[in-house]
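Me: I would like a close look at one part of this model, followed by a short account of the wider setting in which that part sits.

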Amino acid sequence: METKALNKKTTLPETAIEITGSEALMKALIAEGVETIFGYPGGAIMPIYDALYDYMDQLDHVLVRHEQGGIHAGQGFARTSGKVGVVFATSGPGATNLVTGLADAMIDSTPLVCITGQVFAHLLGTDAFQETDVINITTPVTKWNYQITDANEIPGVMAKAFYIAKSGRPGPVLIDITKNAQLQKFNFEGYTSCNHIRSYRPKPIVRKEYVEAAADLINQAERPLVLFGQGIILGRAEEEFKTFIEKGGLPAAWTILGLSALPTDHPLNVGMLGMHGNYGPNVLTNECDVLIAIGMRFDDRVTGRLDRYAKQAKVIHLDIDPSEVDKNVKADVPVWGDCKDTLPLLTSLIKQRKHESWLQKFKDCTEKEIEAVIDNELHPTADTMTMGEVIDQLNHLTKGDAIIVTDVGQHQMVACRYAQFNQSKSNVTSGGLGTMGFALPAAIGAKYGAKDRTVVAIIGDGGIQMTIQELGTIMQSNVDVKILILNNQFLGMVRQWQQLFHERRYSFVDIASPDYVTVAKGYKIEGNSIKERKDLKAALKTMLDHKGPYLLEVFVGKENNVFPMVPQGCGVSEIRLK
Amino acid sequence: MKQEYTITIYTENQVGLLTRIAIMFSRRKINVESLNTSPSEVEGIHRFTILINVAEDVVRKLVRQIEKQVDVLKAYYNTNDEIIWQELALYKVPTDTIAEKAKVERLLRAYGARAVVIRKDYTIFETTGQREETDTLINVLAPFGLIEFVRSARVAIIKNSKGFHEKLKEFEETEPTKQILTAPITAEKAAEMDN
């Protein structure tokens, strides 16, 4: 045996070393610039964790409390850092617990590489302990997935995985590695990153004729409106975008994933689109003459009823994903490509314009909305606090420099509507999938992705209870996140709909909460709970000034509603102010 | 308006890709009328032929979603008059009845069928053709006691396609070329560019 092994080694190419599949995985992660992994060990991924033990000085592993927490943390990390989030989970239940996060990352185009352990290859299909068909379970919710059964595949497949996750329209990739491949020794000949797969075209090429046609439409427009989404952030095209709208004097409205790509106080930022968006951009969508959609996908929460959506307008759609064009809203001019490339081309062809009277219309709408909704939300006269005034106070203290992570529901809509942002990659929320329980773990990842920034997780009393176990992660890794619970003692958004559309039949929305401060204390996290307005500012300041994690619960009005609102099945111009 | 569309997909030969493609139909609750996977004219490249009955708007969006999949090289959709298509059918009938009651020779001539197996107990006929042709023979054979019938999936050749040999070379280039990177916007454009 001894001699054989020696002989074998002498035949290796000089560059090759004999290592296990697990160690090759570590080398792949390091070569891809990975620094942080969110994960949870288990039987089928033990060889990988064993290899990780030797690489602890180069790879920081955050032990989460549930795999769903792990993947949401990976998402939060990707969203604030602009890098690929990496997640480890074991086979069976470990892998199935990733599914919600994969679906969330898929619909919100978040780059992730998830590694799942799998039973030995010879046990596949035998209903082995903790065996589940993770590839088939995750196919519809991954951009790409692959099962590795031989260690020789690891370097090549990992290179592909990272390339696919981050290129073009980003998305989640899952690599399932059988235990035998993790253990198997093979000749590792180094790691080469991937930049081309013949069947995969991440970016369509830019076609000049469409850029010119788009510029013509914009130059003729009297009432242009720009709708921007996360494509600007993913394409790192914030500056190009700002130059574009400034030259054209183009009012720009955002989807909730586009939020923070343009500073809140930019004079051309006319607010939020969609169901709970601002009055102006919704109503004026149906008055504009040219609609310029950039890196957004016309979600039904943005468009409301499609047959009453911007019928009068010529539509220009810039997107890196050709299948998005014409999917929901028919484009008159499709501008395929990375907006980092297309926006400067478009900017060079458009005329310097101001559109003052058109912009005035947005201002008039804002006035109307301030009077009907915003004033009362930010400066309420009632005794109970509103979510809006909490966000407003937070703005005064953070001055728009914090990363705001939100969960799903009323607090999410209010936070997105009122939070101020000065810089990009600062808003982390579950937009497309609407995953309650997203915020707490995502905030952990967000902090790792932007270590020198303040991270505030704003969460409702429903969502916090879905992933509250991640307080354990925060405790153990001492993650400096500020947890702001807006407690209205209801599943507020569902309650609002029940009030408005189901005759106040409050069916199972009355949710009880534990004493969050005590729960936090159990996790050695300091906290406070307030009910009165007079304590708000000081409590927020204490939270922000505190070194390390902190939980603040603020009780807000039980039956406050989020307005404006475009009711389901209505057109955007049927937006209700009350 | 709903009509038959034949979708042709050139893919890498990858485990799991059949599922990835199949679920794109089931997610949208589109019934697959027939599905065939086979090698293509290019070694190592697989070819899916899928038949569905939907509106043009539906098939266009679907094909773009299919083409987006990482392991898919190219997807096309065509109406029946843009393709040459065939299906193969096998019919098993009792030999005694058929020999006794039918003028087998004439039957075979009239329907272009071929006897694949003739045994004492049963005979198997085969036809190749379009749906109406294979359907007609079922009706003819039914009175003689059709024991088994099976029809293959549709296979189709796109009339004005130049095949995939040249296209593949372009895919293998690292630098994108206009032809393969340009996703069509409308059906007309799609047809124009795919040719």
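In which hand, left-handed or right-handed, is the crossing in which α2(A) passes α3(A)?

Reply: This is a predicted model, and in it α2(A) passes α3(A) in a right-handed crossing. Two packed helices are described by the angle between their axes and by the distance between those axes. Here helix α2, residues 21-31 of chain A, packs against helix α3, residues 46-53 of chain A, at an angle of about 55 degrees, and their axes are 8 Å apart. Angles from 65 to 115 degrees would count as roughly perpendicular and those under 35 as roughly parallel, and α2(A) and α3(A) are therefore oblique to each other.

From α2(A), the residues A:Ser22, A:Glu23, A:Leu25 and A:Met26 take part, and they meet A:Pro47, A:Ile48, A:Asp50, A:Ala51 and A:Leu52 in α3(A). By character, the residues of this contact divide into six nonpolar, one polar and two charged.

As for the wider setting, chain A is divided into domain 1 (2-188), domain 2 (208-361) and domain 3 (379-568). The C-alpha centres of domain 2 and domain 3 of chain A lie 30 Å apart, and 16 residues of domain 2 of chain A are in contact with 19 residues of domain 3 of chain A. On the domain 2 side, the residues that touch domain 3 of chain A comprise nine nonpolar, five polar and two charged.

Between the chains, the contact takes 24 residues from chain A and 24 residues from chain B. On the side of chain A that touches chain B, the elements that give two or more residues are α7 (134-138) and β14 (333-336) of chain A, and the residues of that side divide into twelve nonpolar, five polar and seven charged.

How values were computed
Residues numbered from 1 in each chain as written. Chains lettered and ligands numbered in written order. Predicted model: local features only at pLDDT ≥ 70, side-chain atom pairs only at ≥ 80, totals over all residues. Contact = placed C-beta atoms within 7 Å. Helix = DSSP H or I, 4+ residues; strand = E, 2+ residues; numbered from the N terminus. Nonpolar A, V, L, I, M, F, W, Y, C, P; charged D, E, K, R; others polar. Domains from an automatic or database assignment. Axes fitted to C-alpha atoms, helices over the stretch in contact; angles between N-to-C directions. Parallel < 35°, antiparallel > 145°, perpendicular 65-115°, else oblique. Left-handed = near helix turned anticlockwise from the far one by under 90°.
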